[in-house]
Amino acid sequence: MSEVKTVASSSASSGEYVPKIVMFCCNWCSYAGADGAGVARFQQPTNVRVVRVMCSSRIDPVHIYTAFLEGADGVLITGCHIGDCHYVNGNDKTLVKYKFVKSMLNEMGLEDNRLILRWISASEGQQFAEFVTEMVEKVKALGPSPLRKEGVI
């Protein structure tokens, strides 16, 4: 949890609004996809902070809430494609948690595009880079998160 707090509270120094995005990546597929995007030198924004988890199902809703409360403007969750989970059905559990957390965040007044789930495999480096770029632009258009505590930069 301390890693989520540190990642969410890091800031940029320029005057232009740059959204802070925390991305939870499954170790086996999407983190490897991120690595593939880097190795292939696909361009992607630098304001996304990746938190590697062994399985996307290990992301507790508290981690997501903490990221938002510590200053994240968006949270991305990525994992293995349905049916390809290294832990058999972890991504099925992720989908259930995601729907629950999304409904809770909507009740709190958070826009839909601030929490996104995407399945990305290890061989999809280009899709990873495109997803990150697309989400940064969507969150930037929304502006700072309404859940950000006053005084958090």
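In this short talk I will walk through the fold, the cores, one buried serine, the salt bridges and a surface patch of the structure above.

Please keep in mind from the start that this is a predicted model. Let me begin with the overall layout, where the chain has five helices and four strands, and where, if you read along the sequence, these elements follow the pattern α-β-α-β-α-β-α-β-α. Of the 153 residues in the chain, 46% are buried, and the chain exposes about 7,900 Å², with carbon and sulfur atoms supplying 53% of that area. If we take the contacts between residues at least 6 apart in sequence, 81% of them join residues at least 24 apart.

Now to the inside. The largest nonpolar core has 20 residues, and those that touch the most other members are F24, I64, F68, V75, I77, L105 and L115. Which elements give two or more residues to this core? They are β1, β2 (48-53), α3 (61-69), β3 (74-79), α4 (90-107) and β4 (115-119), and the largest share, four residues, comes from α3. There is also a second, separate core of 16 residues, and L76, I116, V136 and V139 are among its members.

Returning to I77, and leaving aside residues up to four places away in sequence, we find that I77 touches F24, I59, I64, T94, Y98, L115, I116, L117 and R118.

One of these neighbours, T94, also brings us to S56, since the side chains of S56 and T94 make a polar contact at 2.7 Å. S56 is in the loop between β2 and α3. Is S56 buried or exposed? S56 counts as buried, because its relative accessibility is 3%, and the cut-off for being buried is under 20%. Again without counting residues up to four places away in sequence, S56 touches C26, T78, G79, N91, T94 and W119.

Next come the salt bridges, of which the structure holds four. As background, side chains of opposite charge can pair when their charged atoms come close. I will describe three pairs, beginning with E16 and K140, whose side chains meet in a salt bridge with an N to O distance of 2.5 Å. This pair links distant parts of the chain, with E16 in the loop between α1 (2-9) and β1 and K140 in helix α5 (residues 125-142), 124 residues apart. E16 is exposed, at a relative accessible area of 52%, whereas K140 is partly exposed, at 29%.

The next pair is R148 and D73, whose closest N and O atoms are 2.8 Å apart. R148 lies in the segment after α5 and D73 in the loop between α3 and β3, so this salt bridge ties together parts that are 75 residues apart in sequence. D73 is buried, with a relative accessible area of 0%.

The last pair I will describe is K138 with E134, where the closest N and O atoms are 3.2 Å apart. Both residues lie in helix α5, four residues apart, which is about one turn of the helix. K138 counts as partly exposed at 34% relative accessibility, and E134 is likewise partly exposed at 34%.

Finally, let us look at the surface. Which residues make a nonpolar surface patch of about 310 Å²? They are W28, M54 and Y87. W28 sits in the loop between β1 (21-26) and α2 (30-39), and W28 is partly exposed, with a relative accessible area of 37%.

How values were computed
Residues numbered from 1 in each chain as written. Predicted model: local features only at pLDDT ≥ 70, side-chain atom pairs only at ≥ 80, totals over all residues. Heavy atoms only, no water. Patch = residues over 30% accessible without salt bridge, like charges linked within 9 Å, V, L, I, M, F, W, Y side chains within 5 Å. Areas by Shrake-Rupley, 256 points an atom, 1.4 Å probe, with all protein chains shown as cover. Buried < 20%, exposed > 50% of the residue type's maximum accessible area, 1.4 Å probe, protein only. Core = buried A, V, L, I, M, F, W, Y, C linked by side-chain atoms within 4.5 Å. Contact = heavy atoms within 4.5 Å. Polar contact = N/O pair within 3.5 Å; in protein donor to acceptor, adjacent residues only side chain to side chain.
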